[in-house]
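Q: Please take a close look at one annotated part of this structure. Then place that part in the rest of the chain.

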Amino acid sequence: WHQQLTLGFNVLLYGLGSKRNLLEDFRCSLLPNRCHVVINGYFPSITIKMVLNSIISEFLEDGIGIRNPMEQLDYICTRFRQDSSLELYLVIHNIDGEMLRAERNQRVLGQLASLPNVHLIASVDHINGPLIWEQSKVGWFNWLWCEVTTYEPYAEETSYENSLLVQQSDSLALSSLTHVLRSLTPNARGIFQLLVEHEIDNKNNPSNPGLSFQDFYERCRVAFLVNSDLTLRAQLTEFRDHKLIRTKKGADGVEYLSIPIDASTLSSFMENQDLDS
């Protein structure tokens, strides 16, 4: 496999049974003195931003200040193209995992895999796993398929099953949220994102009642998203119809706005907006 990787192929392991131990044996025997990143695609909390953060923090420290995922990807690709002495091995367990199979995530992984000095070896387990790659992405990955039936139990991969059940509900919420927002105008999306940012900034503040209507109006006006409070109220009515927001009056009689979705899902939503922009 190592020779095939150095010849420009990326290796994809498939077959019945867990391939985790097989990949770990390969990593421990052939990659201990080489720069490599291990990605556990079956983790319920893995995100593509975490993958990019790991590459930058481990091997490209001068790019640590970059936060936007697409800027991180551009930075990584530029550095690896400019410096042929850089070499990186990506070891991905379950590249078809629930949290990695989204089109945008596979696009990012594909662009990394297309770099001549980045070598990718991964496993795929879902019976429909190959369907996540369209013809254009197959070209990026340049897969060499290796059948490695092990009949080993998926002990490590399924140990997160309970967490995955929770994560799937979060994924459904994220998918629904993204779908609804795409049907709205750019201004409406901008208004909603301002409220999302407030929710994320205050996620560790249990006493936070939400964002008052007046403060929200001021923020929207400064961002040139509305020109009157009537415009904002009309937009909030649409958000309520889609069950995107919740409003309540505080003890002080002030109207507060909040989003009835957990902070981790909102963070994933904002990350996806960065990738799509």
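A: UniProt positions follow the numbering used here, feature names are shortened, and annotations may be inferred rather than shown by experiment. In an unreviewed entry, UniProt lists residues 204–264 as "domain: Origin recognition complex subunit 2 winged-helix". The model is predicted, so local features need pLDDT of at least 70 and side-chain atom pairs pLDDT 80 or more, while totals for chains, interfaces and linings use all residues. Numbering starts from 1 along each chain as its sequence is written, and side-chain values use heavy atoms, leaving out hydrogens and water.

The span 204–264 is 41% helix and 16% strand, where helices (H or I, at least four residues) and strands (E, at least two) are DSSP runs numbered from the N terminus. The end C-alpha atoms of residues 204–264 are 12 Å apart.

Take the helices first. Helix α10 covers residues 213–222 and helix α11 covers residues 229–241. These two pack at an angle of about 105°, and their axes are 10 Å apart; axes are lines fitted to C-alpha atoms, for helices over the stretch in contact, and angles run from 0 to 180 degrees between N-to-C directions. That angle makes α10 roughly perpendicular (65 to 115 degrees) to α11. On the α10 side, the contact (heavy atoms within 4.5 Å) is made by Phe 213, Phe 216, Tyr 217 and Cys 220. From α11, Asp 229, Leu 232, Arg 233 and Leu 236 take part. Sorted by class, this α10–α11 contact holds six nonpolar residues (Ala, Val, Leu, Ile, Met, Phe, Trp, Tyr, Cys or Pro), two charged ones (Asp, Glu, Lys or Arg) and no polar ones (the others, Gly among them).

Next come the strands. An open, antiparallel sheet of three strands has the order β6-β8-β7, two strands being paired if DSSP finds at least two bridges between them. Its edge strands, β6 (211–212) and β7 (246–249), each pair on one side only. Strand β8 (residues 255–258) runs antiparallel to β7, and four bridges join the two. One pair across this boundary is Lys 248 with its bridge partner Tyr 256 in β8.

The rest of the chain supplies another sheet. Five strands form it, open and with parallel pairing, in the order β2-β3-β4-β1-β5. At its edges are β2 (36–40) and β5 (143–147), each paired on one side only. On average, neighbouring strands of this five-strand sheet are turned by 15° against each other, direction ignored. Within it, β1 (residues 10–14) and β4 (residues 118–123) pair in the parallel sense over three bridges, and Leu 12 stands opposite Ala 122 in β4.

Two helices can be placed against this sheet. Helix α2 (residues 20–30) packs on it, touching β1, β2, β3 (88–93) and β4, and its direction makes about 165° with that of β3. Helix α5 (residues 103–113) lies across β1, β3 and β4, running at about 135° to β4. Glu 24 belongs to helix α2. With 18% relative accessibility, Glu 24 counts as buried (under 20% relative accessible area, 1.4 Å probe, protein chains only). Neighbours within four places in sequence aside, Glu 24 is in contact with Val 38 and His 93.

For the protein as a whole, there are twelve helices and eight strands. Its C-alpha trace spans about 70 × 40 × 35 Å along the principal axes. Of the 277 residues, 47% are buried. Among contacts between residues at least 6 apart in sequence, 72% join residues at least 24 apart.

Key
Angles under 35 degrees count as roughly parallel, over 145 as roughly antiparallel, 65 to 115 as roughly perpendicular and the rest as oblique. Buried means under 20% relative accessible area, exposed over 50%, partly exposed in between (1.4 Å probe, protein chains only).
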